[in-house]
Amino acid sequence: MPSARDKKYKRILLKLSGEQLMGDEGFGIDPKVLDKMALEIGQLVGIGVQVGLVIGGGNLFRGAALNAAGLDRVTGDHMGMLATVMNALAMRDALERSNINSTVMSAIPMSGVLEHYDRRRAIRLLEAGEVVIFSAGTGNPFFTTDSAACLRGIEVEADLVLKATKVDGVYTADPMKDPSAEKYDRLSFDEVLSKKLGVMDLTAMCLCQEHGMPVRVFRMDKVGALLNIITGSNEGTLIENDPE
Ligand SMILES: Nc1ncnc2c1ncn2[C@@H]1O[C@H](COP(=O)(O)OP(=O)(O)OP(=O)(O)O)[C@@H](O)[C@H]1O
Ligand SMILES: O=c1ccn([C@@H]2O[C@H](COP(=O)(O)O)[C@@H](O)[C@H]2O)c(=O)[nH]1
């Protein structure tokens, strides 16, 4: 088991896929998946890594899909953001069952349910060893939780944004659609943007490029992958600015 000395990063922003939370079901939240994630997050907290979390909402609602089905787009996006709040509350529950202290903040005020987002308080909680879950995305329609994760990661001065998803990295094309796609170990934001590689939304990529925030994309259901990354292993794909 790695110790505090083995960790390469002090503070991370971990973006978890909402879609993965439903496990083998077509919709909703599988508590077994949450418990597994809580265990892996607990390993990081155990070696002193400060963990900020953003969870997607794709297991419940996405504005674009609701819009395609006939709803107003902004209403759909509001529903998508509320879905991320539900996922965040479920994750807090799983973390607390594993005795990991956590606080959920929301970009949309929800008095009596959870705290409104406050950057300085979030940093203080992270420094105190609490997991801080940033919910309700950016609070604005037409964005995604990828952008929210990069935004919060930059705001709380994380060392790295980690995107935990269904695929094990960034490929030359969507590997779910093109079996001949090849995986990158490392690439620059310029390449992601110019080749329009779709693993993360391009707004998020632009934000990270501008603020020099590295992003690592990796497979969420690979046991131990998270700890491997924190201790410096080459899991998934690293996206960063080209050295000058
Ligand atoms: N070039 C590419 N390399 C890797 N994956 C790609 C690429 N282009 C598209 N993808 C797709 O992007 C998906 C990941 O992005 P997406 O944000 O949709 O999923 P997610 O992490 O599950 O998010 P959510 O939280 O919304 O459920 C992968 O499952 C993959 O199929
Ligand atoms: O800043 C944001 C973040 C999210 N949304 C809406 O929520 C859903 C769910 O998020 P995913 O990133 O797709 O998992 C998203 O599709 C948007 O509809 C938002 O409006 N603003």
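This short report looks at a helix pair and a ligand site in a predicted model.

## Confidence in the model

Let's begin with the scores. The protein has a mean pLDDT of 96, and 99% of its residues reach 70 or more. For the model, ipTM comes out at 0.96 and pTM at 0.97.

## How α5 and α7 pack

Helix α5 covers residues 145–155 and helix α7 covers residues 202–211; their axes lie 8 Å apart, at an angle of about 20°. Angles under 35 degrees count as roughly parallel, so α5 and α7 are roughly parallel to each other. Their crossing is left-handed.

If you would like to find this contact on screen, look on the α5 side for Asp146, Ser147, Cys150, Leu151 and Ile154. Their partners in α7 are Thr203, Ala204, Leu207, Cys208 and His211. Sorted by class, the residues in this contact are six nonpolar, three polar and one charged.

## The surroundings of ligand 2

Now to the ligand. Ligand 2 is surrounded by 23 residues, and the closest are Gly56, Gly63, Asp77, Gly80 and Gly137. Three helices give two or more residues each to this shell: α2 (63–68), α3 (73–97) and α5. The most comes from α3, which supplies six residues.

By class, the shell around ligand 2 holds 14 polar residues, six nonpolar and three charged.

## Where the two views meet

Helix α5 appears in both parts of this report: α5 packs with α7, and α5 also gives two or more residues to the shell around ligand 2.

Terms used
Residues are numbered from 1 along each chain as its sequence is written. Chains are lettered from A and ligands numbered from 1 in the order in which they are written. This is a predicted model: local features need pLDDT of at least 70, side-chain atom pairs count only at pLDDT 80 or more; totals for chains, interfaces and linings use all residues. Axes are lines fitted to C-alpha atoms, for helices over the stretch in contact, and angles run from 0 to 180 degrees between N-to-C directions. Helices (H or I, at least four residues) and strands (E, at least two) are DSSP runs, numbered from the N terminus. Angles under 35 degrees count as roughly parallel, over 145 as roughly antiparallel, 65 to 115 as roughly perpendicular and the rest as oblique. A crossing is left-handed if the near helix is turned anticlockwise from the far one by less than a right angle, and right-handed if clockwise. Two residues are in contact if their C-beta atoms, placed from the backbone, lie within 7 Å. Ala, Val, Leu, Ile, Met, Phe, Trp, Tyr, Cys and Pro count as nonpolar, Asp, Glu, Lys and Arg as charged, and the others, Gly among them, as polar. pLDDT is the predictor's confidence in each residue, from 0 to 100. A residue is near a molecule or strand if its C-beta atom, placed from the backbone, lies within 6 Å of it.
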